Amino acid sequence: MNTSTAPPAPAWLQVALSLLGILGGGTGLAAIATVVVQRGKFKADAADTLTEAALTLVQPLQTRITQLEGEARNARSELGVLREQVNQLQFVVRVLNRTLDHWRAAIHAPDATLRKVRATVVETDRTSEEP
């Protein structure tokens with residue numbers, strides 16, 4: 001009887017053969033290769049989906065921002081008009097205060113008479129009508 005055994009195979013070969021058997025031969029390797037290739041496509045599809053979702057969310061915001069910018073321009077324009085009106089009214093108030101002070105001084109003057117007060121008022125009316 002010859003009881004000689006075959007020499008053992010290298011460890012890497014044993015691991016490779018085991019993996020090949022586990023993966024089902026070429027079919028398993030093809031499946032792994034397909035998953036690796038498809039993984040890049042899945043990432044690209046996910047990126048496209050996220051981009052579309054972001055644009056869908058951003059577009060109404062951009063529309064609203066455009067509307068708000070228009071409203072802000074209108075408000076600034078109206079504010080400019082209102083400031084001008086306030087300046088004009090402040091000028092009128094200053095003029096009226098000077099007129100009132102002038103009349104008050106005429107009324108409280110030691111030599112005040114009804115005729116002098118009326119003359120002061122008429123004089124003020126004439127000067128306010130002049131351009």
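**Entry 1: Asp111 and Lys116.** I began with the side chains of Asp111 and Lys116, which meet in a salt bridge with an N to O distance of 2.9 Å; I note here that the model is predicted. I then looked up how far each partner is covered, and found that Asp111 has a relative accessible area of 47%, while the value for Lys116 is 42%. Since buried means under 20% and exposed over 50%, I entered Asp111 as partly exposed and gave Lys116 that label as well, partly exposed.

**Entry 2: Arg104 and Asp101.** I next asked how many salt bridges the structure holds, and the count came to 2. Besides the pair already entered, I found one between the side chains of Arg104 and Asp101, with 3.5 Å from N to O. Both Arg104 and Asp101 belong to helix α2, where they sit 3 residues apart, or about one turn of the helix. For Arg104 I noted a relative accessibility of 41%, which makes this residue partly exposed, and for Asp101 a relative accessible area of 45%, which again counts as partly exposed.

**Entry 3: a nonpolar patch.** Which residues form a nonpolar patch on the surface? I found Phe91, Val92 and Leu96, which together present about 290 Å² of accessible area. Of these I followed up Phe91, whose place is in helix α2, a helix that covers residues 26-108. The relative accessible area of Phe91 is 48%, so I recorded this residue as partly exposed; a patch member needs over 30%, and Phe91 with 48% meets that condition.

**Entry 4: Asp125 and Thr99.** I located Asp125 in helix α3, which spans residues 114-129, and noted that Asp125 is partly exposed at 38% relative accessibility. I also looked up the separation between Asp125 and Thr99, which lie 26 residues apart along the chain, and found 9.7 Å between their C-alpha atoms.

**Entry 5: the whole protein.** I closed with the overall values, starting from the secondary structure, where I counted 3 helices and 0 strands, so that the order of elements from the N terminus reads α-α-α. How much of the protein counts as buried? The share is 5% of its 131 residues. For the surface I entered an exposed area of about 11600 Å², of which carbon and sulfur atoms supply 64%.

Key:
Residues numbered from 1 in each chain as written. Predicted model: local features only at pLDDT ≥ 70, side-chain atom pairs only at ≥ 80, totals over all residues. Heavy atoms only, no water. Patch = residues over 30% accessible without salt bridge, like charges linked within 9 Å, V, L, I, M, F, W, Y side chains within 5 Å. Areas by Shrake-Rupley, 256 points an atom, 1.4 Å probe, with all protein chains shown as cover. Salt bridge = Lys/Arg side-chain N within 4 Å of Asp/Glu carboxyl O. Helix = DSSP H or I, 4+ residues; strand = E, 2+ residues; numbered from the N terminus. Buried < 20%, exposed > 50% of the residue type's maximum accessible area, 1.4 Å probe, protein only.
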